[in-house]
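Trainee: I should be grateful for a close look at one part of this model, the residues packed in its interior and their surroundings. Please begin with the confidence of the prediction.

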Amino acid sequence: MAAANAQSAPAKVLVVDDDFISLEVLKAMLSHYSVEIITAQSGSEAVTKTLAERPALLLLDQELPDFTGLEAYCKIVAELGDDAPLAAMISGHSTAEISAECQTIGIKHQLTKPVSPTQLADLMAIASGI
């Protein structure tokens, strides 16, 4: 019975943003999907929760109080390697430099603040395996 419950458990999504309103908006938007929502408000908290909770998807803000979303993802990849979750970088300042850095470290998806329901729906369709 426990195995059946484990298979039907919703996928976990970790939302990382130090801005309370942005975090709450993303949580509200994600509540329309069959996922378990976990939150973090710093890069170090994102790394700790990713290692402990093993989310299927990370939504990472680029600008965090302790280090960047890029740095957080690099730390996660250093720990989990190929088991690192699918990630999307969220930034209000999309630049070619950030895009290139994301691609280099394996973040293939970027969302621009404010995240629209369409952007999130497109990402969730890509991550539909979760």
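Mentor: Over residues 1-6, pLDDT (the predictor's confidence in each residue, from 0 to 100) stays under 50, and for these residues the model has 0 contacts beyond four places in sequence, a contact being heavy atoms within 4.5 Å. Helix α1 (residues 2-8) has the lowest mean pLDDT among the elements of the chain, 50, while α3 has the highest, 98. Helices (H or I, at least four residues) and strands (E, at least two) are DSSP runs, numbered from the N terminus. The mean for the chain is 90, and 92% of its residues reach 70 or more.

This is a predicted model, in which local features need pLDDT of at least 70 and side-chain atom pairs count only at pLDDT 80 or more, whereas totals for chains, interfaces and linings use all residues. Residues are numbered from 1 along each chain as its sequence is written, and side-chain values use heavy atoms, with hydrogens and water left out.

The largest nonpolar core has 21 residues, of which V16, L58, L60, Y73 and I107 touch the most other members. Such a core is a set of buried Ala, Val, Leu, Ile, Met, Phe, Trp, Tyr and Cys residues joined through side-chain atoms within 4.5 Å; buried means under 20% relative accessible area, exposed over 50%, and partly exposed in between (1.4 Å probe, protein chains only). Two or more residues come from each of β1 (11-16), β2 (35-40), α3 (43-53), β3 (57-61), α4 (69-80), β4 (86-91) and α5 (96-105). Helix α4 gives the most, with 5 residues.

Leaving aside residues up to four places away in sequence, V16 touches A40, S42, A46, L59, L60, D61 and L64. A second, separate core of 16 residues includes L30, L111, L123 and M124.

D61, one of the residues touched by V16, is found in strand β3. D61 counts as buried because its relative accessibility is 4%. With the same sequence exclusion, D61 touches V16, D17, D18, G69, M89, I90 and K113. The side chains of D61 and K113 make a polar contact at 3.2 Å; this term denotes a pair of N or O atoms within 3.5 Å, where, within protein, one must be able to donate a hydrogen and the other to accept it, and residues adjacent in sequence count only if both atoms are side-chain atoms.

From K113 to P114 the peptide bond is cis, with omega near -10°. P114 is found in the loop between β5 (109-112) and α6 (117-126).
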